[in-house]
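Student: Could you take me through one part of this structure up close? I'd like to see how a pair of helices meets, and then how that fits into the rest.

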Protein chains: 2
Amino acid sequence: MDKAPEPDATQDTHLAVALAKSARQVEEALDGLLPRPHGLHGRVHEAMRYAIFAGGKRLRPFLVLHCAALYGVSEKRALRTAAAIEAVHTYSLVHDDLPCMDDDDLRRGQPTVHRAFDEATAVLAGDALLTIAFEILADPETHDSAEIRCRLVARLAQAAGSNGMIGGQMIDMQAPHRALSPDDVALLQRLKTGALFEFSCEAGAILGQAGSEEEDRMRQYAADLGLAFQIADDLLDVTGTTQRLGKTAGKDVDQGKATLVSIYGIDGARQKAAALAEDAAALLAGHGGAATLLQQLPRYIVDRDS
Amino acid sequence: MDKAPEPDATQDTHLAVALAKSARQVEEALDGLLPRPHGLHGRVHEAMRYAIFAGGKRLRPFLVLHCAALYGVSEKRALRTAAAIEAVHTYSLVHDDLPCMDDDDLRRGQPTVHRAFDEATAVLAGDALLTIAFEILADPETHDSAEIRCRLVARLAQAAGSNGMIGGQMIDMQAPHRALSPDDVALLQRLKTGALFEFSCEAGAILGQAGSEEEDRMRQYAADLGLAFQIADDLLDVTGTTQRLGKTAGKDVDQGKATLVSIYGIDGARQKAAALAEDAAALLAGHGGAATLLQQLPRYIVDRDS
């Protein structure tokens with residue numbers, strides 16, 4: 001297997017430019033897809049837009065677009081699926097920030113939805129973002145084949161559901177009250193962050209009708225990437241500052257949550273993240289130059305601040 | 001147009017038996033479709049099941065099954081769609097009961113999910129019930145045609161989304177702070193209760209590939225039925241007792257919420273509900289004897305306790 005390319009400044013610039021481009025594209029798509037505030041219930045539309053347009057790296061849309069491109073699917077074609085996944089990711093942040101969950105006042109340096117609006121509106125805006133994701137995927141504009149659209153709907157529901165992302169958050173909420181083994185923590189992360197990463201990459205293969213072997217490969221790439229991402233995030237929680245993070249630093253430690261950093265230590269976690277980044281990149285070696293940005297991404301994420 | 005049949009005791013018995021039968025069927029279906037509690041995240045599965053199996057009339061599943069039967073769709077065939085809609089209805093109750101929404105401790109005489117578990121689990125269980133509804137609909141077992149499954153997904157998302165049920169709840173949450181006109185209150189009810197009733201009936205026509213005229217007719221029947229149902233519910237809030245309701249009586253009045261009862265008065269609301277029940281029944285006259293139970297249902301609901 002080829003080794004992952006070593007990071008250098010030019011590569012990072014290319015990747016940063018590509019990330020910015022896909023972020024802009026998916027934001028334009030979401031602007032067209034989300035309802036404009038109207039009627040007596042306009043407040044929920046405002047909160048949906050506030051949550052979605054609060055910035056963010058738009059990593060999942062990048063994955064959808066670039067994985068789809070490996071299988072000949074145009075950006076235009078893949079954008080609706082990317083938007084749907086970003087809507088689901090955003091809903092999960094809105095609900096996770098609620099007082100009864102992680103109780104966060106800030107997200108990317110701005111008041112969280114329940115602080116900017118109120119708790120009821122935050123619950124409803126999250127519900128609505130989750131709901132619209134399925135509406136977007138089921139629409140004929142997402143793909144000519146209704147079979148493909150149904151597969152996207154079903155797989156997104158599995159990735160986001162009680163045995164995916166929601167299950168991960170459930171474990172996370174109970175984590176302070178339990179002794180989690182390293183395997184438990186890995187499962188938590190795999191469900192909470194990994195499941196939606198996996199679907200983002202798999203969706204590219206589904207849209208391109210690339211077959212189950214490629215779907216499996218993209219899921220594996222995403223699983224490695226997602227775990228590396230989560231470790232990098234946990235490292236930032238320990239090593240970053242609130243100002244730099246745009247959210248409260250040291251929160252996981254304060255809440256007594258087990259993370260891979262608390263288990264492996266800072267250096268051990270860094271090594272594990274680097275190894276995962278390399279594994280992820282190697283999985284795409286067969287795609288040649290078309291996969292270069294996807295191969296660089298894991299290392300870029302791991303190196304971002306940690 | 002034919003007049004709605006006058007209610008009598010024998011009819012009511014037939015209807016009660018049919019309601020009990022479809023309730024049993026959909027509960028069996030849901031038992032097979034919802035995950036059994038397992039793993040570190042089993043708590044969310046337990047809460048989903050607690051919410052779903054807390055009883056209830058299962059009116060929406062009855063509508064799906066009986067409307068589908070008008071177009072030759074077997075109960076077995078329509079059950080998955082009925083289960084999906086009941087999951088969405090249940091999620092809406094779980095979230096509406098939250099402290100930041102209606103703050104209800106009791107639902108059908110039992111502790112609400114956030115009281116029996118905790119708030120975070122209630123938010124997650126609601127999210128998971130909403131999510132699984134789309135997974136159920138998108139599965140090939142729901143209908144042979146992927147086009148039909150996609151239409152069910154898209155229409156459910158619209159009915160449940162920010163311009164449907166969620167929009168209605170958004171208006172309801174703001175109602176104590178606003179002066180709502182009779183039209184506003186009618187819109188609130190149409191979104192909050194009507195949208196999912198409409199989809200329940202329309203789904204029967206979609207499953208039976210009956211065409212847009214029949215879909216429209218079923219939606220109109222459901223709109224009349226849903227409004228009659230909501231008026232009956234509001235009347236019960238005023239005239240019922242907490243013990244009889246299994247939830248806190250007088251809540252709407254205490255919270256200063258405008259309802260059709262507060263606008264039209266008790267007698268006016270009763271008359272309006274009776275007129276709607278008659279309109280709904282008349283819409284199905286063309287279906288002959290096959291629609292008898294559906295024709296009796298609106299009157300049965302209006303007469304239940306009010």
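Tutor: Sure, let's start with a pair of helices in chain A. Helix H1 (residues 9-33) of chain A and H3(A) have axes that come within 9 Å and cross at roughly 100°. An angle from 65 to 115 degrees counts as roughly perpendicular, so that is how H1(A) and H3(A) sit relative to each other. On the H1(A) side, the contact is made by A:Leu19, A:Ser22 and A:Val26, and on the H3(A) side by A:Pro61, A:Phe62 and A:Leu65. Sort those residues by class and you get 5 nonpolar, 1 polar and no charged ones. Bear in mind that this is a predicted model.

Now step back along the chain to the loop that leads into H3(A). A:Arg58 lies there, in the loop between H2 and helix H3 (59-70) of chain A. Most residues other than glycine have a negative phi. The phi of A:Arg58, though, is near 60°, a positive value. What about its surroundings? A:Arg58 has 25 C-beta neighbours inside 10 Å, so it counts as buried.

Next, look at a residue from much further along the sequence. A:Ala291 lies in the loop between helix H13 (260-283) and helix H14 (292-303) of chain A. In sequence, A:Ala291 and A:Cys67 are 224 residues apart, yet their C-alpha atoms are 8.1 Å apart in space. If you leave aside neighbours within four places in sequence, A:Ala291 is in contact with A:Leu70 and A:Leu284. A:Ala291 counts as buried too, because it has 20 C-beta neighbours inside 10 Å, and 20 or more is what being buried takes.

For a contrast with that first helix pair, hop over to chain B. There, the axes of helix H4 (residues 75-96) and helix H6 (residues 119-138) come within 8 Å and cross at roughly 160°. That makes H4(B) roughly antiparallel to H6(B), and the crossing is left-handed. The residues of H4(B) that meet H6(B) include B:Ala84, B:Ala87 and B:Val88, while those on the H6(B) side include B:Gly126, B:Leu129 and B:Ala133. By class, this contact has 14 nonpolar, 4 polar and 1 charged residues.

Chain B also has a loop residue with a positive phi to show you. B:Gln209 lies in the loop between helix H9 (182-207) and helix H10 (212-239) of chain B, and its phi is near 45°. With 15 C-beta neighbours inside 10 Å, B:Gln209 counts as partly exposed.

Finally, let's put the two chains together. 45 residues of chain A are in contact with 45 residues of chain B. The elements of chain A that give two or more residues to this side are H2, H6, H7, H8 and H9, and H6(A) gives the most, with 12 residues. That side of chain A divides into 26 nonpolar, 11 polar and 8 charged residues.

How are the copies arranged? Chain A can be laid on chain B with an RMSD of 0.0 Å by a turn of 180° and a shift of 0.0 Å along the axis. The two copies are thus related as by a two-fold rotation axis. In chain A, the C-alpha nearest that axis belongs to A:Ala146, 2.6 Å away from it. The same surface serves both copies, with 100% of the contact residues of chain A recurring in chain B.

Conventions: Residues numbered from 1 in each chain as written. Chains lettered and ligands numbered in written order. Predicted model: local features only at pLDDT ≥ 70, side-chain atom pairs only at ≥ 80, totals over all residues. Contact = placed C-beta atoms within 7 Å. Helix = DSSP H or I, 4+ residues; strand = E, 2+ residues; numbered from the N terminus. Nonpolar A, V, L, I, M, F, W, Y, C, P; charged D, E, K, R; others polar. Buried ≥ 20, exposed ≤ 12 C-beta atoms within 10 Å, placed from the backbone. Axes fitted to C-alpha atoms, helices over the stretch in contact; angles between N-to-C directions. Parallel < 35°, antiparallel > 145°, perpendicular 65-115°, else oblique. Left-handed = near helix turned anticlockwise from the far one by under 90°. Least-squares fit on C-alpha atoms with pLDDT ≥ 70 in both.
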